[in-house]
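Reader: I am new to this structure. Would you please set out the whole in brief, and then look closely at a single part of it?

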Amino acid sequence: HTPLKIAPGVAERIIWVTTLLAVTGVQIMTRTFEAKRLMGVGFLMTAPLVAQAMLVSALLGPAISLFALTITALLLGVSGAMPVEMLTASWLAGAVGAHAVNPLKQRGDLLRAMSVQVVALAAIALCVTAVSSSNAGLVFESAGWAALAAIGATSIFWLAVAVLERIFGITSDWSLLELCSPDHPLLKELCMRAPGTYAHSVMVGNLAENAARAIGANPVLCRAMAYFHDVGKVARPSLFIEN
């Protein structure tokens, strides 16, 4: 799902900022452990690209995420910062990550996305290393480092998505999920002062979410709007028969 509304130029800024961060992260890692060759620990270099793909997907959608990921891969390929095999593995893993985190309907989906990413990146590392080397130990070592890179990329995504969301003024599904929480102060007040209206809003939320899913709209957005559509009744709850 794409965010609610994006100001002109914001998408481009997000793409270039995340691309700069991904390229910088790869350059730092390259200079730290000199992993320009396709060896086990070198698969840690996939983490910045995978994290970028997940971030852009959560903020702008999977299609734009793949575009941003391709730009980053081209920049790193032209500069020679990463070997072609590693770039291919990073792009494939990033494509998986872009679709794994979109949409995230609940917090538990993050664990599911990370599990998918770990399995996918480990499998890609196994295949890529097996083609380049006949050393079984190195093949499994690469898979282990790739799984660690997937966990690191998910952690970066978890920390950075809220920061970028606030910097660029985007309302993502993550923020909408927080609005839908029963612990939200306004929803708690609605439940206490106008319980009938609250029950009605939850029912409308269920209907709106199912309808949105049926027509390809954003179900999280529709649920959030339904929860708050009658919140003004807390001012005079006794004037409405459902309370």
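Author: A residue is called buried when its relative accessible area is under 20%, exposed when it is over 50%, and partly exposed in between, using a 1.4 Å probe and protein chains only. By that rule, 49% of the 243 residues of the protein chain are buried. The model is a predicted one, in which local features need pLDDT of at least 70 and side-chain atom pairs count only at pLDDT 80 or more, while totals for chains, interfaces and linings use all residues. Residues are numbered from 1 along each chain as its sequence is written, and side-chain values use heavy atoms, with hydrogens and water left out.

The protein chain holds 10 helices and zero strands; here helices (H or I, at least four residues) and strands (E, at least two) are DSSP runs, numbered from the N terminus. Its C-alpha atoms fill a box of roughly 75 × 35 × 30 Å along the principal axes. Contact means heavy atoms within 4.5 Å. Among contacts between residues at least 6 apart in sequence, 70% join residues at least 24 apart.

The part chosen for a close look is the meeting of helix α8 (residues 185-193) and helix α9 (residues 195-215), which pack at an angle of about 125° with their axes 5 Å apart. The arrangement is therefore oblique, since angles under 35 degrees count as roughly parallel, over 145 as roughly antiparallel, 65 to 115 as roughly perpendicular and the rest as oblique. The axes are lines fitted to C-alpha atoms, for helices over the stretch in contact, and the angles run from 0 to 180 degrees between N-to-C directions. On the α8 side, Leu 187, Leu 190, Cys 191, Met 192 and Arg 193 take part. They meet Pro 195, Thr 197, Tyr 198 and Ser 201 of α9.

Leu 187 also leads to another helix, for it is in contact with Phe 228, a residue of helix α10 (residues 219-228). Leaving aside neighbours within four places in sequence, Phe 228 further touches Leu 179, His 184 and Leu 186. Phe 228 counts as buried because its relative accessible area is 19%. From Gly 9, Phe 228 is 219 residues away in sequence and 30 Å away in space, C-alpha to C-alpha.
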